[in-house]
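Here are my notes from a look through this one, written for someone with the model open on screen. Have it ready to rotate as you read.

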Amino acid sequence: MRAQAAWLKRLFKNIPSGPCSLCRGSLEASHAAICAACSDALPWMHNSCQRCALPLENAQLCIACAAAPPPYERCIAALHCLPPMNYLIGDVKRDAYAPVTRQLALQCASVFHRAYRRRLPDLLVPVPLHWSKQLRRGFNQCELLGRHLTQALPEIQLRCDICRRTGSAPPQRRQSKINRKRAVADAFNCRIPLDQARIAILDDVVTTGATAASMTHSLLAAGARQVDVWCIARTGWNNY
Ligand SMILES: [Zn+2]
Ligand SMILES: [Zn+2]
């Protein structure tokens with residue numbers, strides 16, 4: 001029976017689970033959720049601010065970072081938060097078993113890896129949810145993305161125990177930048193000494209960077225040497 005189960009597992013491993021989530025066409029064996037053509041057509045980020053990953057046409061730094069850089073060293077965004085990313089990220093947040101979570105994580109892993117000339121950060125810390133939100137949702141989508149990412153990048157260690165979210169901020173959409181900053185200030189608590197570790201925060205979507213900045217302050221206060229931010233998608237000026 002066990003041998004049969006292993007054989008079935010091997011058989012189904014390379015068989016796509018259904019049609020492409022975007023075009024409903026057939027999936028290649030190596031693609032779990034989006035076909036190769038749709039995945040090439042996703043809004044991959046090519047030019048962005050070197051510090052906060054805000055999409056830019058030509059410049060290296062956005063006006064805000066030139067005036068006052070964020071506390072994190074840099075944000076690396078794989079994609080623009082433009083359609084169909086809102087739909088795909090919605091799936092990642094709704095369904096703990098959505099095949100798109102793994103595919104997005106694996107494709108973004110190569111973007112994050114390419115961003116480092118030398119070694120990757122030591123620890124990958126997913127943005128935590130407040131316990132009440134995690135209880136309602138049943139899972140933290142950033143942790144799930146982190147598990148798949150660290151399978152592809154075993155040099156970086158996933159740590160979900162370092163940082164707790166103490167404030168339960170309201171949803172950030174439709175809030176002004178100043179209100180978002182206030183809502184997430186002091187929202188995180190890191191009690192584990194970080195002993196000069198180099199850390200990458202992992203978030204699904206970065207909007208103003210206020211959450212990442214607040215978490216960075218807590219990680220630096222706990223002894224981190226450097227904090228970067230990795231995100232699947234980044235919003236631009238016009239879709240705050
Ligand atoms: Zn497709
Ligand atoms: Zn910037």
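What follows is a set of numbered points on the sheet, a helix pair and a few buried residues.

1. First, a reminder that this is a predicted model. Read each point below as a description of that prediction.

2. Start with the sheet. It is open, has five strands in the order 1-7-6-2-3, and its pairing is parallel. Strand 1 (75–80) and strand 3 sit at the edges with a single partner strand each, so one side of each has no neighbour in the sheet.

3. At the strand 1 edge, five bridges link strand 1 to strand 7 (residues 226–234) in the parallel sense. Look for Cys-75 here: Val-229 of strand 7 stands opposite it. Helix 7 (residues 141–152) packs on the sheet and touches strand 2, strand 3, strand 6 and strand 7. The direction of helix 7 makes about 125° with that of strand 6.

4. Now go to strand 2 (residues 123–126), which is covered on both faces. Leu-123 and Val-125 are buried on one side, Leu-124 and Pro-126 on the other. Strand 2 runs parallel to strand 6 (residues 198–206), joined to it by four bridges, and Val-125 has Ile-201 as its bridge partner there. Strand 2 also pairs with strand 3 (residues 157–158), again in the parallel sense, over two bridges; in that pairing Leu-123 is matched with Gln-157.

5. Is Asp-203 of strand 6 buried or exposed? Asp-203 is buried, because 23 other C-beta atoms lie within 10 Å, and the cut-off for buried is 20 or more. Beyond its neighbours within four places in sequence, Asp-203 contacts Val-127, Cys-142, Thr-211, Ala-212, Val-229 and Cys-231. Gln-141 is 62 residues away from Asp-203 in sequence, yet their C-alpha atoms are 8.9 Å apart.

6. On the core: the largest nonpolar one has 58 residues, and the members touching the most others are Cys-75, Ile-201, Leu-202 and Ile-232. Leaving out residues up to four places away in sequence, the contacts of Cys-75 include Arg-51, Cys-52, Ala-53, Val-206 and Gly-209. Its list also includes Ala-212, Val-229 and Cys-231, and those three are in contact with Asp-203 too.

7. Last, a helix pair worth a glance. Helix 4 (residues 85–94) and helix 5 (residues 99–114) pack at about 120° with axes 8 Å apart, so they count as oblique to each other. Leu-88, Asp-91 and Val-92 of helix 4 meet Val-100, Thr-101 and Leu-104 of helix 5. The crossing is left-handed.

Key: Residues numbered from 1 in each chain as written. Chains lettered and ligands numbered in written order. Predicted model: local features only at pLDDT ≥ 70, side-chain atom pairs only at ≥ 80, totals over all residues. Buried ≥ 20, exposed ≤ 12 C-beta atoms within 10 Å, placed from the backbone. Pairing = 2+ DSSP bridges. Contact = placed C-beta atoms within 7 Å. Core = buried A, V, L, I, M, F, W, Y, C linked by C-beta atoms within 7 Å. Axes fitted to C-alpha atoms, helices over the stretch in contact; angles between N-to-C directions. Parallel < 35°, antiparallel > 145°, perpendicular 65-115°, else oblique. Left-handed = near helix turned anticlockwise from the far one by under 90°.
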